[in-house]
Amino acid sequence: MVREIFKLCMDGYGPTQIANILTERKIENPTAHAKRIGLNPPARQFYDDPYLWRDSTITHILSRMEYIGHTVNFKTYRKSYKNKKQMHNDPSKWQIFKNTHEAIVDEAVFEIVQKIRDGRRKVTPLGEMPILSSMLFCADCGAKLYQVRGKGWEHSKEYFVCAIYRKIKGGCSSHQIRNVVIEEALLDDIRRITAFAKDHEAEFLQMVTSKTKIALDRSLRDNKRELEQATQRIRKLDEIIQRLYEDNLEGKITNERFAKMTANYEAEQHTLEQRVAELRTAISSEKETALNADHFLTLVRKYTEIPELTAEIIREFVEKVYVYKAEKVDGHRVQRIKIIYNCIGEFTLPDAAEDEKTA
């Protein structure tokens, strides 16, 4: 049933919709199932209907890393031994032990579902958001593209525009692009990439592996350089604070001045220490990174053909899309897009002349 819940999410259903589907199918909820087999589940409330599912239950299931074979500790804590109430820890404080038991859900599927949940399509007074909502980004300022639509509009009239352009006058250009235009360009690129990967698997794997190794090496080199600079600055700040302390003791600077200066330097040092921790984690992760091109090929084999663009196909194949400012070329409006695919990043076919696609 866990696999079915993840599949329904991949198919574009939200937690409430999934809960309704399971309720209609008369499938036992986790609490009822546990009670039936003799367990005492730590549920906060019980329901008379054993087939009633709540959206909160679905949300909890979709976020549990235990289903991909990991053990997660320190999700909660207590303020003191006298206070029995459990508090939720920030995910940064979790301790994750990988591959401690057999996985129920493929890790790549789990990651895609998390991306779907992060960019889930909200239901508004105008209906459910279009399938590319939260997937498009401005190639110049990095902001998300804002979906523009109106009551009674046909889909062909809907378009995206840079969020910074809408919020800040002169902050960026519009980067306006119609939904149907980018959907057509995206569908065409997915078809071409999947066709190439299907017909030339060995060449595809070699190209992606080579490209990713170069990118990882560059990222690792840049992160190591930044880590060294940050570490040196932290040591320098220690020396500055020590000198300020000595000057304060000798009466060269006032207590007020000493407090203000040390507060500023300590704040900078704290920020650097956080960045150092992030960089060390990134470096460690990059050293362990192995390209999951095989999973991309699994997705390719899953679809014998892709007749239309759906929420499931987009979330399975695509991580994000960058949209560039439109330009005039030989009297025609041309707008480039850059597609970042799940598992393989940006990919250019061997016969392509440019890295970016045009819409």
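**Exercise 1. Describe the open sheet of three strands and the pairing within it.**

*Solution.* Step 1: in this predicted model, the three strands of the open sheet follow the order β8-β9-β10, and their pairing is antiparallel.
Step 2: β8 (145-148) and β10 are the edge strands, as each of them pairs on one side only.
Step 3: strand β9 (residues 159-162) is joined to β10 in the antiparallel sense over two bridges. Within these strands, Y159 faces R178 in β10.

**Exercise 2. State how confident the predictor is in the protein, and which elements have the lowest and the highest mean pLDDT.**

*Solution.* Step 1: for the protein, the mean pLDDT is 82, with 85% of its residues at 70 or more.
Step 2: among the elements, the lowest mean, 55, belongs to strand β5 (residues 123-124), while strand β10 (residues 177-178) has the highest, 95.
Step 3: the pLDDT falls below 50 over residues 286-291, a stretch with 12 contacts in the model beyond near neighbours in sequence.

**Exercise 3. Classify the aromatic pair of F137 and Y322, and determine whether each residue is buried or partly exposed.**

*Solution.* Step 1: a search of the whole structure yields seven aromatic pairs. One of them is formed by F137 and Y322, with 6.1 Å centre to centre and 50 degrees between the planes. Planes under 30 degrees apart count as stacked and those over 60 as edge-to-face, so an angle between these limits is classed as tilted. The pair of F137 and Y322 is therefore tilted.
Step 2: the pair links distant parts of the chain, since F137 belongs to strand β7 (residues 136-138) and Y322 to strand β11 (residues 318-323), 185 residues apart.
Step 3: buried means under 20% relative accessible area. F137, at 15%, is therefore buried, whereas Y322, at 22%, is partly exposed.

**Exercise 4. Analyse the aromatic pair of Y303 and F317 in the same manner.**

*Solution.* Step 1: the centres of Y303 and F317 are 5.8 Å apart and their planes differ by 45 degrees, which makes this pair tilted.
Step 2: Y303 lies in the loop between α10 (293-302) and α11 (311-317), and F317 lies in helix α11; the pair therefore ties together parts that are 14 residues apart in sequence.
Step 3: both Y303 and F317 are buried.

**Exercise 5. Identify the cluster linked by ring pairs and the charged ends that sit over the rings of F137 and Y324.**

*Solution.* Step 1: the cluster linked by ring pairs consists of F196, F204 and F347.
Step 2: over the ring of F137 sits the charged end of K320, 5.2 Å from the ring centre.
Step 3: over the ring of Y324 sits the charged end of R336, 4.2 Å from the ring centre.

Notes. Residues are numbered from 1 along each chain as its sequence is written. This is a predicted model: local features need pLDDT of at least 70, side-chain atom pairs count only at pLDDT 80 or more; totals for chains, interfaces and linings use all residues. Side-chain values use heavy atoms; hydrogens and water are left out. Rings of Phe, Tyr and Trp (its six-membered ring) pair if their centres lie within 6.5 Å; planes under 30 degrees apart count as stacked, over 60 as edge-to-face and the rest as tilted. Helices (H or I, at least four residues) and strands (E, at least two) are DSSP runs, numbered from the N terminus. Buried means under 20% relative accessible area, exposed over 50%, partly exposed in between (1.4 Å probe, protein chains only). A charge sits over a ring if NZ of Lys or CZ of Arg is within 6 Å of the ring centre and within 35 degrees of the ring normal. pLDDT is the predictor's confidence in each residue, from 0 to 100. Contact means heavy atoms within 4.5 Å. Two strands pair if DSSP finds at least two bridges between them.
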